[in-house]
Amino acid sequence: MTNPARVLTALAIILAGLLGRAAIDKILALRAGPESVALWAQLQSVVDLVLGVTIAGVGHGLTVLVAQASTEGVQRRLMRAALVSGLGVSAAAALVLALGSGSISAWVTGSAVAPGLIAFAASAGCAAVAPSLLASYWLGRARQDRILWLNTATMPAMAGAAYFALPGAIAQSVLAAQAGAALAAGAALYAWLRRPGAATGTGAEVKRLRRYMLAGLSIGILSPVAMLAVRSTLSGALSWGDAGIVQALWRSSEWITAIASGMLWLVALPRFSATHRTARFFPELARVGVVTLLVAAILLLLLWFNQAAVLETLYDARFVIPDRAAALFLLGDWLRVGSWVFLYALFAMQRTVPIAVGELLSIPLYAALLIAFRDGLGLERAGMLYCASYAAYLAFNAAAVLRGAGRRRAPPVP
C-alpha cells in the first residue's frame, strides 16, 4: 500500500512548485501584460531544454535504478555517474544555445528578448542540473521530504525576485535567483560526494544508467524546442497576446496536469520500478491509470466550467479564451495525462528506445501540425490539433508498454 505521508509530501512538493510559478506569472501579468507571460515561458523553455536533456533521461533512470539498487554504495555511485554524465550533456547544450542565441532570439521571440538573456537562461538551466539530479536520487530513496525542502527554498526566491525587480529587468532577476539557488544546492551536493564512500564505479548499474541518455536527449531536446516553435507559430499566426492567453490556460490546467505528473513521478514511478518483472506490475499500472484519469477528468471539467474566473484570478481580465477552444485544449490535457501513465511505466521497464521515439508524437507532432495548418489558424483549430497529437502519443505509449510486456512473457526460441 502507498504510504499516506509520502502521498501528502508529494502533493506538497507539487503545490510548492505550482504556487511559485503562479506567483511569477501573476506578477508578470500585472506588471507587463499577456505578452510578457508568453516571452517568459519562452525563456523557461530554454532553461527546460538545457535541464531536460539530463533530467528527462538520466534523472528518471537514476530514480529507477536507485530504487532497485541493493546497497547504499551502489546508489552513491549511480548519483556520481549521473552528475558527471548530466553536467556534460547539459553543458554542451547550454554552449550551443549560447553560441546561437542571436538566431534563437530572432526565431522564437521575434527579437523581443535580447540574445544575452537567451544565453543567461541556458546557463541557469545548466546550474539546475545538480539539484534536479539530487531530487531524483532522493526520490529513488523514498525521501520526498528532502525534495520538498529543496523546492520550498527555491520558488520563494524566484517569486521575490520578480516582485522586487526593476521594471525592465524582471526576467533577468528571476533567472538570477533561479541560478543562485541551484548553485547553492549544487555546492552542497559536491561537498557530500567528496565524502568517503562516494567513489566512482563502472559496475553494471552505472552502464544501465547511461542507457537513459537516449531518452533524455529525445525528450529534453524535442519538447522544449517544440514548445518554442508552438508559441512562435501561435504568435505569428495570431499574436503574442493570444500566445500568452493560451500559455495562461496551460498554466491554469497545470494545477491539474502538474499534480498528475508529479504524483506519477513521486509516487507511481518508484512503485512501478519496484513491481517491474513481478505479477503486481500490471495491476498497479491499471490502478494508477484509472485513478489518475478519473480524477483528472473531473478536475479538468470543473476548470472548463470556471475557466474565465480562473484566468482572471490567476492573471487579469485581459486573459479571455472562447469556451470551445478552451474545451479542446483541456481535452488534449486529459489525453496528455493518460499518455504519462504509460510513459512512466516505460521508464520503469527501462524501454528507452520507445520513450525516445514516442516523444516525436507529443509536443513535436503538435508543433508540426500547427506549422502545417497555420494558414487560417485560430484558437479552436489549435485546440483540435493539440488533441490529435496527444491522442497519437497516448496510443503509442500504451502499445509500447503492452508490446514490451509481451516480449518478456514470450517463451524462449528453441
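1. Leaving aside neighbours within four places in sequence, S235 makes contact with W240 and A243 in this predicted model. The residue belongs to helix α10, which covers residues 213–237. A polar atom of the S235 side chain also lies 2.7 Å from the backbone oxygen of S232.

2. Is S235 buried or exposed? Its relative accessible area is 13%, and because the cut-off for burial is under 20%, S235 counts as buried.

3. A second site that may be read alongside this one is N151, which is placed in helix α7, residues 144–164. With a relative accessibility of 24%, N151 counts as partly exposed, since that class takes in values between the 20% limit for buried residues and the 50% limit for exposed ones.

4. Which residues does N151 touch once its neighbours within four places in sequence are set aside? The contacts are with I13, A16 and P156. As for T9, it is separated from N151 by 142 residues in sequence, while the C-alpha to C-alpha distance between T9 and N151 is 12 Å.

5. The second largest pocket holds about 460 Å³ of space, and its lining is made up of 19 residues, among which M263, L264, V288, V291 and T292 lie nearest the centre of the pocket. The elements that contribute two or more residues to this lining are α11, residues 240–275, and α12, residues 281–305.

6. Which element supplies the largest share of the lining of the second largest pocket? That share, nine residues, comes from α11. By residue class, the lining of the second largest pocket consists of 14 nonpolar, two polar and three charged residues.

7. On confidence, the mean pLDDT of the chain is 83, and 94% of its residues reach 70 or more. Among the elements of the chain, the highest mean pLDDT, 94, is that of helix α14 (residues 323–348), whereas the lowest, 71, is that of helix α9 (residues 204–210).

8. A reservation applies to residues 409–414, where the pLDDT is below 50 and where the stretch has one contact in the model beyond near neighbours in sequence. Predicted coordinates should not be read in detail where pLDDT is low.

Note on methods: Residues numbered from 1 in each chain as written. Predicted model: local features only at pLDDT ≥ 70, side-chain atom pairs only at ≥ 80, totals over all residues. Heavy atoms only, no water. Helix = DSSP H or I, 4+ residues; strand = E, 2+ residues; numbered from the N terminus. Buried < 20%, exposed > 50% of the residue type's maximum accessible area, 1.4 Å probe, protein only. Contact = heavy atoms within 4.5 Å. Polar contact = N/O pair within 3.5 Å; in protein donor to acceptor, adjacent residues only side chain to side chain. pLDDT = per-residue confidence, 0-100. 1 Å grid on protein atoms, 1.4 Å probe; cavity = no way out; pocket = protein on both sides within 12 Å on 5 of 7 lines; lining within 4 Å. Points joined across faces, edges and corners; volume = space filled by probe spheres on them. Nonpolar A, V, L, I, M, F, W, Y, C, P; charged D, E, K, R; others polar.
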